[in-house]
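Good morning, and thank you for coming. Please look at the structure on the screen while I speak about its charged pairs, one helix and one sheet.

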Amino acid sequence: MPQAKPLVIVTRKLPEAIETRMAELFDARLNVDDHPFTREELCQAVAEADVLVPTVTDRIDGGVLSHCGESLRLIANFGTGIDHIDVATAHQRGVTVTNTPDVLTEDTADMTMAMILAVPRRLAEGERMVREGQWLGWSPTHMLGHRIWGKRLGIIGMGRIGRAVARRARGFGMTIHYHNRRRLHESLEQELDATYWESLDQMLARMDVVSIHCPHTPASYHLLSARRLALLRPEAYVVNTARGEVIDENALVRMLAKGDLAGAALDVFEYEPAVNPKLVAMNNVLLLPHMGSATLEGRIDMGEKVLINIKTFVDGHKPPDRVLPTML
């Protein structure tokens, strides 16, 4: 008699090709209308499922995990970041957690570079001007921005994405500086022509553009605090495609409003999907809806990793992308 397929509950709508394969391999319960799961739905899902496939919009904390049924053995996250999952509690309950690393690097780096270009050159502001019929013609002093050639880029978090951004930024003539928990190997530093700063404070005070690429952990919460933001030069720009919680958003808003910063480009927000109305009203701020990794190719690659992790686990082997509490 064939073994029953595991019940896999997917919390958001995934690319059609991934959902089709999911339905072929498993007893898949899909989110057809793509509504964000409520807390009650998440509690019900962990009580029923053999495998849960959540995304960044699902907070799988200790309270949700307290409803785990005996069947739940795997949380196969659709995404790289796992700050929304209480990995330690899951591990204590015998639930394996996996993620989807290495597939979003180039997409996120592309978006970051676009944002680095967009804010100093006032691209969003100019585009709005044309759409709203406010452009009256060319003038030598109209819509003046700043060149990025020769400017200093400070990267916070020199992992895969940070390094991919560094490679792109070098092509635009920027000099690369970075702060990281661990210094890169000398050969990699030479390849990127990157300057390491052990002190984040000292780096911030000298940069023209600061780009954030560290994960959100308890240690990185408000890493760019009000005190650290005040170290930035008034001509500096802040770019964030990592996690909103890494920046003290209220402090950032105050500095932008006072003119203590030249501008910002934000793809993530501290309280997303809520966005501070003061940010919305600012012309020198580019706001994007958490779309740094949003390519069809990237989402399919993510889904394929989820499928591999589930299939490997169901077949009795260790999935390739396990996340352990000791890794956080």
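Across the whole structure, a search finds 20 salt bridges. Please keep in mind that this is a predicted model. As general background, side chains of opposite charge can pair when their charged atoms come close. I shall present a few of these pairs.

The opening example lies within a single helix. R21 and E24 form a salt bridge through their side chains, with 2.8 Å from N to O. Both residues belong to helix α1, which covers residues 16-25, and they are three residues apart, about one turn of the helix. An α-helix has 3.6 residues a turn, so residues three or four places apart point the same way. How accessible are the two partners? R21 has a relative accessibility of 39% and counts as partly exposed. E24, at 46%, also counts as partly exposed.

The next example links distant parts of the sequence. D83 and R243 form a salt bridge whose closest N and O atoms are 3.2 Å apart. D83 sits in the loop between β4 (74-76) and α4 (87-92), while R243 sits in the loop between β10 and α11 (249-258), so this pair ties together parts that are 160 residues apart in sequence. Is R243 buried or exposed? With a relative accessible area of 15%, R243 is buried, because the cut-off for that class is under 20%. D83, with 22%, is partly exposed.

A further pair joins E189 and R183, whose side chains meet in a salt bridge of 2.8 Å, N to O. Here E189 counts as buried, at 11% relative accessibility, whereas R183 is exposed, with a relative accessible area of 54%. Elsewhere, salt bridges with shared partners connect E106, D110 and R168 into one network.

Let us turn to a helix and its buried side. Which residues of helix α2 are buried? In α2, which spans residues 39-48, they are L42, C43, A45 and V46. Viewed down the axis of α2, the buried residues fall within an arc of 160 degrees, so they line one face of the helix. What do they pack against? The buried residues of α2 pack against two strands, β1 (7-10) and β3 (51-53), and against helix α3 (62-65).

Now I come to the sheet. It is an open sheet of seven strands with parallel pairing, and its order is β8-β7-β6-β9-β10-β11-β12. At the edges are β8 (194-196) and β12 (285-287), each of which pairs on one side only. On average, neighbouring strands of this sheet are turned by 20 degrees against each other, direction ignored.

One pairing deserves a closer look. Strand β11, residues 263-266, runs parallel to β12, and three bridges join the two. Within this pairing, A265 has L286 of β12 as its bridge partner. Helix α5 (residues 105-118) packs on the sheet, where it touches β6 (152-156), β9 (209-212), β10 (237-240), β11 and β12. The direction of α5 makes about 160 degrees with that of β10.

Finally, I mention what the record says. An unreviewed UniProt entry annotates residues 113-292 as "domain: D-isomer specific 2-hydroxyacid dehydrogenase NAD-binding". Over residues 113-292, the chain is 32% helix and 16% strand, and the end C-alpha atoms lie 10 Å apart. Thank you for your attention.

How values were computed:
Residues numbered from 1 in each chain as written. Predicted model: local features only at pLDDT ≥ 70, side-chain atom pairs only at ≥ 80, totals over all residues. Heavy atoms only, no water. UniProt positions renumbered as here; feature names shortened; annotations may be inferred. Helix = DSSP H or I, 4+ residues; strand = E, 2+ residues; numbered from the N terminus. Buried < 20%, exposed > 50% of the residue type's maximum accessible area, 1.4 Å probe, protein only. Arc of directions from axis to C-beta. Contact = heavy atoms within 4.5 Å. Pairing = 2+ DSSP bridges. Axes fitted to C-alpha atoms, helices over the stretch in contact; angles between N-to-C directions. Salt bridge = Lys/Arg side-chain N within 4 Å of Asp/Glu carboxyl O.
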